[in-house]
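This report goes through one protein model with its ligand, from single loop residues to helix packing and the ligand shell.

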Amino acid sequence: MDGAQPFEYRPTAPAAATTPAAPQQNDNDMAAEPQAPQDAYLMNASVQSAPTDPGEYSNLGVDLASAMAGEGIQPVVLFGTNNSGKTSLLLSLFSTLKTQSRLETGLFLSDPILATSSPIGQKLHQDARHTFQVKTQQFMDGVKIGKTNIDLPFFIPVEFRPKNKDPVRFAFLESNGEWYRPTRGGDTLFPQLKNAIEGFVSCFQGGILFIYLVPYTQSEVYRSAGGGVTDAREVEDASLAISGVLQAYNDIRASHRHQDRHMMLVSKWDAHEKGNADLADASSVDRAELEAFCDRRYNQALSTFRGMQLPAGQAMLNAYSSGIINENGLRRPCHDYPERLWTWLYRSALANRDAMPVSPFPEKPQPPALWRAITSVLDKLSS
Ligand SMILES: Nc1nc2c(ncn2[C@@H]2O[C@H](COP(=O)(O)OP(=O)(O)O)[C@@H](O)[C@H]2O)c(=O)[nH]1
Ligand SMILES: [Mg+2]
């Protein structure tokens with residue numbers, strides 16, 4: 001999709017990461033039209049509605065990286081092909097904190113990352129606000145979430161405020177899955193990372209939290225899309241895509257790698273646990289089964305992941321469910337998976353600040369055994 005880009009992003013030297021590159025230096029670079037760096041996003045007055053030429057945003061990733069590092073924002077970068085569950089995962093994270101008062105944690109949309117005096121800053125924040133407010137509400141209301149179709153990746157900045165503990169500002173990347181899809185039959189198998197994403201990952205001066213989504217299945221979606229695409233082929237592409245972004249990470253991430261943390265998540269795990277009363281409980285995930293599943297269906301992604309030889313605390317494999325979702329939308333939320341993922345995000349963010357990595361939430365009360373037995377029987381009957 002993104003193959004024929006009109007220019008190649010050239011990362012600025014690390015020291016210049018806080019200052020966008022002077023474009024005049026590269027005479028042959030199509031992006032290097034003379035312009036003041038601050039005005040790089042103001043070139044096209046129609047940018048608010050539909051930015052089309054990525055060449056105009058050559059410094060976007062670098063600017064986002066510098067703004068976030070300056071504000072002490074913890075970035076969370078999600079990777080996965082389309083339909084891997086990226087958007088649903090974000091919405092489940094947000095909706096869990098918006099509805100579960102027992103977690104005693106506030107979640108608020110933060111200030112825009114880039115100044116909204118520029119059209120691009122305004123557009124990115126509008127997109128962020130729309131996902132945080134409108135889409136999250138739709139998700140909670142059980143409305144089927146539509147396909148993400150955006151021109152530019154954007155971060156959703158939020159402030160996470162647990163009771164009596166340090167607040168943390170996170171920013172979650174939202175992107176189009178097509179940008180990561182392998183391109184068979186071309187010169188290279190993997191598409192280049194989108195310029196803004198590559199610029200961000202290569203320049204951010206601090207630890208980044210990466211989440212790689214490998215979906216349990218894509219069949220429901222592809223059946224409705226038609227075209228005879230089999231689930232097996234889609235899963236293979238999803239696996240290749242993750243292998244590709246891991247290799248890109250390996251090539252472009254120069255500094256702060258020791259602070260990065262990587263989580264590979266098998267999304268839509270509820271498809272595996274159909275009819276199981278303990279579904280909402282992430283601790284019921286059978287690790288041996290999860291690993292066997294990945295070995296079987298995501299061996300390329302998993303081989304590359306393991307091949308990075310990251311220390312144990314920096315690389316994790318887990319299952320995730322954003323909720324019991326069918327073709328009509330959310331039927332039942334699963335708050336336990338989001339709760340665990342928030343805990344990992346919060347602890348990792350604290351570790352990145354050299355603070356003691358504590359859990360953000362109060363201890364979870366255990367449901368009585370009798371109640372679990374009753375739900376188990378009801379679930380079996382209804383499935
Ligand atoms: N059953 C189930 N379906 C999911 C889950 N997460 C996403 N989906 C569905 O999978 C499809 C793609 O999800 P989406 O979040 O849009 O994926 P994205 O393209 O990676 O952003 C949608 O139909 C979702 O409803 C999940 O945890 N469980
Ligand atoms: Mg999406």
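## Phe190 and Ser175

In this predicted model, Phe190 counts as partly exposed, because 17 other C-beta atoms lie within 10 Å and a buried residue would need 20 or more. Phe190 sits in the loop between β4 and α4. Apart from residues up to four places away in sequence, Phe190 touches Pro182, Gly244 and Gln247. Its C-alpha atom is also 9.8 Å from that of Ile242, and these two residues are 52 residues apart in sequence.

The loop between β4 (168-174) and α4 also holds Ser175. With 24 other C-beta atoms within 10 Å, Ser175 is buried. Pro153 and Ile197 are in contact with Ser175 once its neighbours within four places in sequence are left aside. From Ser175 to Lys86, the C-alpha distance is 8.4 Å, across a sequence separation of 89 residues.

## Helix α4 and its cover

How many of the nine residues of α4 are buried? The count is nine of nine, so α4 is largely enclosed by the rest of the structure. The buried residues run through Asn195, Ala196, Ile197, Glu198, Gly199, Phe200, Val201, Ser202 and Cys203. The cover over these buried residues of α4 includes α1, β1 (74-79) and α6 (231-252).

Ile197 of α4, listed as buried, is one of the contacts of Ser175 in the preceding loop.

## Packing of α1 on α4

Helix α1 (residues 60-71) packs against helix α4 (residues 195-203) at an angle of about 40°, and their axes are 6 Å apart. The two helices are therefore oblique to each other, since the range for roughly parallel helices ends under 35 degrees. Their crossing is right-handed.

On the α1 side the contact is made by Leu60, Gly61, Val62, Leu64 and Ala65. They meet Asn195, Ala196, Ile197, Glu198, Gly199, Phe200 and Cys203 of α4. By class, the residues of this contact are eight nonpolar, three polar and one charged.

## Packing of α2 on α3

Helix α3 (residues 119-140) and α2 pack at an angle of about 85°, with 9 Å between their axes. This makes α2 and α3 roughly perpendicular to each other, because the angle falls in the 65 to 115 range.

From α2, the residues in the contact are Leu90, Leu91, Phe94, Ser95, Lys98 and Thr99. Their partners in α3 are Thr131, Phe132, Lys135, Thr136, Phe139 and Met140. The contact of α2 with α3 divides into six nonpolar, four polar and two charged residues. The spacing along each helix can be read against a general rule: an α-helix has 3.6 residues a turn, so residues three or four places apart point the same way.

## The shell around ligand 1

Which residues are closest to ligand 1? They are Gly85, Lys86, Thr87, Ser88 and Ile325, out of 20 residues that surround the ligand. Helix α2 (residues 86-99) gives the largest share of this shell, with three residues. By class, the shell has four nonpolar, 13 polar and three charged residues.

Lys86 links this site to the loop residue described earlier, with its C-alpha atom 8.4 Å from that of Ser175.

## Positive phi and other local features

Two residues other than glycine have a positive phi: Glu104, near 50°, and Asp354, at about 65°. Glu104 lies in the loop between α2 and β2 (105-109). It counts as partly exposed, because it has 15 C-beta neighbours inside 10 Å. Asp354 belongs to the loop between α9 (336-352) and α10 (369-382). With 7 C-beta neighbours inside 10 Å, Asp354 counts as exposed.

Trp344 is placed in helix α9. With 17 other C-beta atoms within 10 Å, Trp344 is partly exposed. The C-alpha atoms of Trp344 and Val358 are 9.7 Å apart, and the two residues are separated by 14 residues along the chain.

## Overall figures

The protein has 10 helices and nine strands. Of its 383 residues, 42% are buried. Among contacts with a separation of 6 or more, 76% are between residues 24 or more positions apart.

Definitions and conventions: Residues are numbered from 1 along each chain as its sequence is written. Chains are lettered from A and ligands numbered from 1 in the order in which they are written. This is a predicted model: local features need pLDDT of at least 70, side-chain atom pairs count only at pLDDT 80 or more; totals for chains, interfaces and linings use all residues. A residue is near a molecule or strand if its C-beta atom, placed from the backbone, lies within 6 Å of it. Helices (H or I, at least four residues) and strands (E, at least two) are DSSP runs, numbered from the N terminus. Ala, Val, Leu, Ile, Met, Phe, Trp, Tyr, Cys and Pro count as nonpolar, Asp, Glu, Lys and Arg as charged, and the others, Gly among them, as polar. Axes are lines fitted to C-alpha atoms, for helices over the stretch in contact, and angles run from 0 to 180 degrees between N-to-C directions. Angles under 35 degrees count as roughly parallel, over 145 as roughly antiparallel, 65 to 115 as roughly perpendicular and the rest as oblique. Two residues are in contact if their C-beta atoms, placed from the backbone, lie within 7 Å. A crossing is left-handed if the near helix is turned anticlockwise from the far one by less than a right angle, and right-handed if clockwise. A residue is buried if 20 or more other C-beta atoms lie within 10 Å of its own, exposed if 12 or fewer, and partly exposed in between; C-beta atoms are placed from the backbone.
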